[in-house]
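Trainee: I should like to learn how to read overall form and local backbone features from a model. May we work through an example together?

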Amino acid sequence: MSRIGRLPVQVPKGVTVDLQGSKVTVKGPKGELHRTFSNLIGIAFESDQLVITRKSDLPAERALHGTTRALLANMVRGVSQGFEVVLEVEGVGYRAEMDGKNLALHVGYSHPVKVEPPAGVSFEADAKTRQIKIMGYDKELVGQIAANIRKVRPPEPYHGKGVHYLGEHIRRKAGKAGKGAAK
């Protein structure tokens, strides 16, 4: 039995879960999420908990068991608490600033790169710490937007300039050896 899949998902106060067959709708203070899951996995709502079960031990069902539970847990956490990803801008002259609700990145191009947030996602840029916060209730969407912003100028290995995740380790290369080093 899946160690993750057999754990029930606690549903906090203020969050409502609507089950219609394999379609699940989760509503909370931050927003509303919908997702359709496989018919091979059973989802039941019992005393403020979501319980995920599978009908047999077939490999396809075993693979879906833990994944379904993790997706449901992310939906419940997203509409109740939300998710946040922090990016850092590093490099001389590189900065991020807010342009209304949009994000403007000045990262070495001849023009600032504008990033528009989709519905349910908001940005916050701090000029002092050179950090960008991406906040929202859909974990998948928040992560994808963060990856798209990082893709504008990924960190390069020689100087470490670019946009990277907070705490991400950038592998550094030595560069060219100076003159007269190898005689």
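Mentor: The dialogue below goes from the whole chain to one hairpin. This is a predicted model, in which local features need pLDDT of at least 70, side-chain atom pairs count only at pLDDT 80 or more, and totals for chains, interfaces and linings use all residues. Residues are numbered from 1 along each chain as its sequence is written, and side-chain values use heavy atoms, with hydrogens and water left out.

Trainee: How many helices and strands are there in the protein chain?

Mentor: Helices (H or I, at least four residues) and strands (E, at least two) are DSSP runs, numbered from the N terminus. The protein chain has 2 helices and 13 strands.

Trainee: What is the radius of gyration of the protein chain?

Mentor: The radius of gyration is taken over C-alpha atoms, and the globule rule is 2.2 Å times the number of residues to the power 0.38. For 183 residues, a compact globule would come near 16 Å, but the protein chain has 22 Å. Along the principal axes, its C-alpha atoms fill a box of roughly 70 × 50 × 20 Å.

Trainee: What percentage of the residues is buried?

Mentor: Buried means under 20% relative accessible area, exposed over 50%, and partly exposed in between (1.4 Å probe, protein chains only). Of the 183 residues in the protein chain, 34% are buried.

Trainee: Which contacts in the protein chain join residues 24 or more positions apart, as a percentage?

Mentor: A contact means heavy atoms within 4.5 Å. Among contacts with a separation of 6 or more, 51% are between residues 24 or more positions apart.

Trainee: Let us turn to the hairpin. In which sense do β5 and β6 pair?

Mentor: Two strands pair if DSSP finds at least two bridges between them. Here β5 and β6 pair in the antiparallel sense over 6 bridges, and E46 stands opposite Q49 in β6. The two strands form a hairpin with 2 residues between them.

Trainee: What is the phi of S47, and what is that of D48?

Mentor: Most residues other than glycine have a negative phi. S47, in the loop between β5 (41–46) and β6 (49–54), has a positive phi near 45 degrees. D48 lies in the loop between β5 and β6, and its phi is also positive, near 60 degrees.

Trainee: Why does S47 count as exposed?

Mentor: S47 counts as exposed because its relative accessibility is 65%. D48 is partly exposed, with a relative accessible area of 39%.
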